[in-house]
Amino acid sequence: MRIFLLALGVSLFLLTAIAAADENWPQFRGPGGQGISNAKSLPLTWSETQNVKWKTPIHGKAWSSPVIWKNQIWMTTATEDGHDLGVVCVDKGTGRILIDKLLFHVDKPQFCIPFNSYASPTPCIEEGRIYVTFGSPGTACLDTADGKMLWQRTDFVCNHFRGAGSSPLLWNNLLFMNFDGSDFQYAVALDKSTGKTVWKTNRSFNFNDIQPNGRPVGNGDFRKAFSTPRIMEFQDRPLLISVGSHAVYCYEPTTGKEIWRTEDRDGHSGSLTPVIGDGLVYASTGHGASEIWAIKPDGHGVANDHVVWKDKKKVPTRSSPILVDGRIYMTTDAGVVSCLDAKTGEDIFDGRIQSGHDAGYSAAPLYAAGRIYFFNEAGHATVIEAGREFKILAENQLGTGCLAVPAVSGDALYLRSRTDLYCIETPGK
């Protein structure tokens, strides 16, 4: 009987742990950083009048995605002119704003193109703490109980040129960030408890060695990037994968030592977050001659010979791909969805989803229960079947568009539009 009760207790503990994990969405693109949710009953259809549990206006102009821990939803926000940078915390059950706090005031904000915002990087969160960054203007760690600032950094030098976009990554006791600007390009790791720098590694690509597309080397677009780093396990070893401009880098996460890099002299300004699976890294070369590369992560030095395959047809420059069941799905900025075999790069299908003027695709897609959700900048969401044939399951429309990646908790979608945060859930769930 004691053994039975012990086994039952362990089983209940494991089930509780799994349920708790499903409730949290702690970083950009979710628990694994791949845009994949374990939810089984997310809504298939919604509108401004259907399946909206609550809707809360969020002030400011910000494209950062919401992150969720237990009953709290956090996001960053900023004034359109970039002078004031802060955070908003919302109650997950009701949509009521719990914390609305100014973190940084910037007297002379850097230039930011109208398409971007001054609060585009997504925070990461864990029990009791949330880590937010706005790029060089400020990075901070807050107590999630009351929003109290525990530490801050305002000393990172980087001209973001068109605005910051790289989100932080939390791993063990380290907080990783990319700084790829028109002046300086580097990756850093901070001690998450104190905010102190553990290591800082400059990008090793020689920008002075090329003149891509015949343009001057000093052009900031060819030096800056917007991608978020990822951790992968390969041969029982953790690797930090970090996309810059003209190169994909692999670092030792504890020391910052560069292990390898792959170089692309045509593509630049990497914006997509890489996805990882089957022992490969899938990364986009960015703007310009945009390609998606499958890279075997066992190289050293300049490892271009470790690129397994490349594809340059219908490759996005803003919306990250998604990897499901050995297939890569992605959409171009204009709404052309393609599916590739992840091992070989061979085309499986392509199809068109709704787009048009001011209706491009920037938000990365989301996968749950055999469906892939795509969200565009005009508020339209297309749901397709995750399979070998292009099949649209639903078309949905909200009032304003999405540049943020949706979050998932339980069986609810939390969508941040240009103006509001929505909880979308089928009644009774």
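Me: What does "buried" mean here, and where do "exposed" and "partly exposed" begin?

Reply: A residue is buried when its relative accessible area is under 20%, exposed when that area is over 50%, and partly exposed in between, with a 1.4 Å probe and protein chains only. In this structure Glu-263 is buried, at a relative accessible area of 12%, while Arg-265 is partly exposed, at 36%. The model is a predicted one, in which local features need pLDDT of at least 70 and side-chain atom pairs count only at pLDDT 80 or more, whereas totals for chains, interfaces and linings use all residues. Residues are numbered from 1 along each chain as its sequence is written, and side-chain values use heavy atoms, with hydrogens and water left out.

Me: How many salt bridges are there, and which residues does Glu-263 join in a network?

Reply: A salt bridge is a side-chain nitrogen of Lys or Arg within 4 Å of a carboxyl oxygen of Asp or Glu, and by this rule the count comes to 19. Glu-263 pairs with Arg-265 at 3.7 Å, N to O, and salt bridges with shared partners join Glu-258, Arg-261, Glu-263 and Arg-265 into one network. Another of the bridges is formed by Arg-153 and Asp-155, at 2.7 Å from N to O; here Arg-153 is buried, with a relative accessible area of 14%, and Asp-155 is partly exposed, with 47%.

Me: Which parts of the chain does the salt bridge between Glu-127 and Lys-70 link?

Reply: Strands (E, at least two residues) are DSSP runs, numbered from the N terminus. The side chains of Glu-127 and Lys-70 meet at 3.1 Å, N to O, and this pair links distant parts of the chain, 57 residues apart: Glu-127 is in the loop between β6 (124-126) and β7 (129-133), and Lys-70 is in the loop between β2 (67-69) and β3 (72-78).

Me: Which residues touch the most other members of the largest nonpolar core?

Reply: A nonpolar core is a set of buried Ala, Val, Leu, Ile, Met, Phe, Trp, Tyr and Cys residues joined through side-chain atoms within 4.5 Å. The largest one has 30 residues, of which Trp-46 and Leu-413 touch the most other members. Among the strands that each supply at least two residues of this core are β3, β4 (84-91) and β32 (412-416). Apart from it lies another core, of 20 residues, including Trp-74 and Phe-134.

Technical notes: Helices (H or I, at least four residues) and strands (E, at least two) are DSSP runs, numbered from the N terminus.
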